[in-house]
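Q: Please take one part of this structure and look at it closely with me. I am in my first year, so I would like each term explained where it comes up.

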Amino acid sequence: MSDWSQEEIQTATREIVRRAATDADFRARAMSDPASVVKEVTGRDLPADFKVRFVDSEGANIVVPLPPVVSDGELSDEQLEEVAGGSRCGGSCGVSCALSWA
């Protein structure tokens, strides 16, 4: 997503979260087909090799994103930073989420 600015990512994230909070159909589509809701909100396709996952936090006190499994048992510096520091958006989008588009 190198062609997306952080501001564009944050704006799209805020709008998706806002709509998912009030529209059950949109929320279900966000979880089942995230690329389609990103396109609906932004008018832009995600790169074919880029994945986004929206999770339903309803009923949970906290949602914790798990890092990818590593074969040698050690995290890379980047993965360690993500685990220690949370999502790459740093919470600046105004929501607590596991979404990281950088």
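A: Leaving aside residues up to four places away in sequence, Ala-20 touches Phe-26 and Arg-27, where a contact means heavy atoms within 4.5 Å. The model is a predicted one, in which local features need pLDDT of at least 70 and side-chain atom pairs count only at pLDDT 80 or more, while totals for chains, interfaces and linings use all residues. Residues are numbered from 1 along each chain as its sequence is written, and side-chain values use heavy atoms, with hydrogens and water left out.

Ala-20 belongs to helix H1, residues 6-22; helices here are DSSP runs of H or I with at least four residues, strands are runs of E with at least two, and both are numbered from the N terminus. Ala-20 counts as buried because its relative accessibility is 13%, and the cut-offs are under 20% relative accessible area for buried, over 50% for exposed and in between for partly exposed, using a 1.4 Å probe and protein chains only. Ala-20 also lies 9.7 Å from Met-31, C-alpha to C-alpha, with their positions eleven residues apart in sequence.

Arg-27, one of the residues that Ala-20 touches, leads on to charged pairs. The side chain of Arg-27 meets that of Asp-56 in a salt bridge, 2.7 Å from N to O, and the term stands for a side-chain nitrogen of Lys or Arg within 4 Å of a carboxyl oxygen of Asp or Glu. This pair links distant parts of the chain, since Arg-27 is in helix H2 and Asp-56 is in the loop between H3 and H4, 29 residues apart. Arg-27 is partly exposed at 24% relative accessibility, and Asp-56 is partly exposed as well, with 36%.

Phe-26, the other residue in contact with Ala-20, takes part in the meeting of two helices. Phe-26, Arg-29, Ala-30, Met-31 and Ser-32 in H2 meet Pro-34, Val-37, Glu-40 and Val-41 in H3. Two packed helices are described by the angle between their axes and by the distance between those axes. For H2, residues 24-32, and H3, the angle is about 125 degrees and the axes are 5 Å apart. That angle makes H2 oblique to H3, given that angles under 35 degrees count as roughly parallel, over 145 as roughly antiparallel, 65 to 115 as roughly perpendicular and the rest as oblique. The axes are lines fitted to C-alpha atoms, for helices over the stretch in contact, and the angles run from 0 to 180 degrees between N-to-C directions.

Two residues from this meeting of helices also form a charged pair: the side chains of Glu-40 and Arg-29 are joined in a salt bridge of 2.7 Å, N to O. Because Glu-40 lies in helix H3 and Arg-29 in helix H2, the pair ties together parts that are eleven residues apart in sequence. Glu-40 is partly exposed, with a relative accessible area of 39%, and Arg-29 is partly exposed, with 26%. Both belong to a network of salt bridges that links Arg-19, Asp-25, Arg-29 and Glu-40.

As for the setting, the protein has four helices and zero strands, and 23% of its 102 residues count as buried.
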